Amino acid sequence: MLFPQLQIAHMRPRLPIIQGGMAVRVATARLAAAVANAGGIGIIAGTGLSTAELAAEIRRARELTSGYIGVNVLFAVRQFAELIKTSMREKVDFVISGAGFSRDMFDWGKEHNIPVISIVSSARLAKLAEKLGAAAVVTEGKEAGGHLGTDRSAMEILPEVADAVKIPVIAAGGIVDGFDIARALGLGARGVQMASRFVASEECEAHHNFKQMYIEGTHQDSILIDSPVGLPGRALRNAFTDSISEGKKLPIARCRDCLKHCTRRFCIFEALEKAVDGDVERGLVFAGEFVQKIREILPVQKIMERLSEEYAQAIGQPAVAMAGN
Ligand SMILES: Cc1cc2nc3c(=O)[nH]c(=O)nc-3n(C[C@H](O)[C@H](O)[C@H](O)COP(=O)(O)O)c2cc1C
């Protein structure tokens, strides 16, 4: 076996690679199932869906794969509890919360017997998650796409978190190739969570314009915005980000009152929905810092093969070892 075996609760994926949740409708059943079928762990983004839509999405994933599927929901949304409980009733393999830390999620997990994973950006929060019963923690650095909980780099935080807890630590943020995976595992991670690399895949259901922006993006295009959630968010620069960085408030056409706390500078869901539907100039294109390393839209299986080849190269293992992957 090329990679060390990752085990989180009952899950023992062939590859220690988790595809990160991506709202709204970037990480859908089709992408999550493709990742699970290729040996990783897939995540459906529940944020922005109704409970009925999320249940349908989980069932669609189950039809497409018998692999491991989890659901990610942003703690910041009012519907957080309903969406997480729906996922648990649908018996997903695990749930994971983003942009905030939920203590309640652990009680619901025990009630439904579903593993809970937390995203953390410090050793302190990782310890708290472990104490509350987390099956693993994802430690996310400033290179990640979407909402950020820190301005420190993933590889800087990782050894501190790995030292602080006994549960598996999954590294996230700026991990794009197999060399990055080798570095993360070398610093104490048992697996990685990658999101941006999987956007530029055939199975990702975001509009082609969205994927095209990734494969044409440069490092200078990666910027931070102030999200109405009250956190910074990493996105690709476009007409929309230029207009909000001038400090303007943008009119909100139809407020859905979706966030627990909203600064109301613009509607985050409207902006994310526009982008995923193809309006990548007037919408918000969340993306990780290193999109410039992603130059091709590939099938997920091919992405996994490349990651494995690069990892083998990084650890000086002959490519033949991959047969046992
Ligand atoms: C388009 C996009 C949407 C995202 N949405 C979410 C989300 O809904 N919930 C969450 O916890 N993280 C979200 N993230 C963060 C990813 O799950 C992941 O942890 C991060 O992007 C990893 O960094 P990478 O993109 O450099 O691989 C999003 C990232 C992207 C690129």
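What follows is a short exchange about how some descriptions of this predicted model are reached.

Me: What should I keep in mind about the numbering and the model?
Reply: Residues are counted from 1 along each chain, as its sequence is written. Since the model is predicted, local features need pLDDT of at least 70 and side-chain atom pairs count only at pLDDT 80 or more, while totals for chains, interfaces and linings use all residues.

Me: Why is C255 called exposed?
Reply: A residue is exposed if 12 or fewer other C-beta atoms lie within 10 Å of its own, buried if there are 20 or more, and partly exposed in between, with C-beta atoms placed from the backbone. C255 has 12 other C-beta atoms within 10 Å, and therefore it is exposed. C255 lies in the loop between helix 10 (239–245) and helix 11 (268–276), where helices are DSSP runs of H or I with at least four residues, strands are runs of E with at least two, and both are numbered from the N terminus.

Me: How do you know that strand 7 and strand 11 pair?
Reply: Two strands pair if DSSP finds at least two bridges between them. Strand 7 and strand 11 (residues 232–236) have 2 bridges, in the antiparallel sense, and G146 has R234 in strand 11 as its bridge partner.

Me: What makes strand 7 and strand 10 edge strands?
Reply: The open sheet of 3 strands has the order 7-11-10, with antiparallel pairing. Strand 7 (146–147) and strand 10 (222–226) each have a single partner strand, so one side of each is left without a neighbour in the sheet.

Me: How do you know that the ligand lies between domain 1 and domain 2?
Reply: The domain bounds, which come from an automatic or database assignment, are 17–205 + 296–319 for domain 1 and 208–291 for domain 2. Both domains give residues to the shell around the ligand, so the ligand lies between them. A residue is near the ligand if its C-beta atom, placed from the backbone, lies within 6 Å of it, and 27 residues surround the ligand, the closest being G20, G98, G145, G146 and G288.

Me: What makes up the contact between domain 1 and domain 2?
Reply: The C-alpha centres of domain 1 and domain 2 lie 21 Å apart. The contact takes 26 residues from domain 1 and 22 residues from domain 2, where two residues are in contact if their C-beta atoms, placed from the backbone, lie within 7 Å. Strand 7 and helix 8 (196–199) each give two or more residues to the side of domain 1 that touches domain 2.
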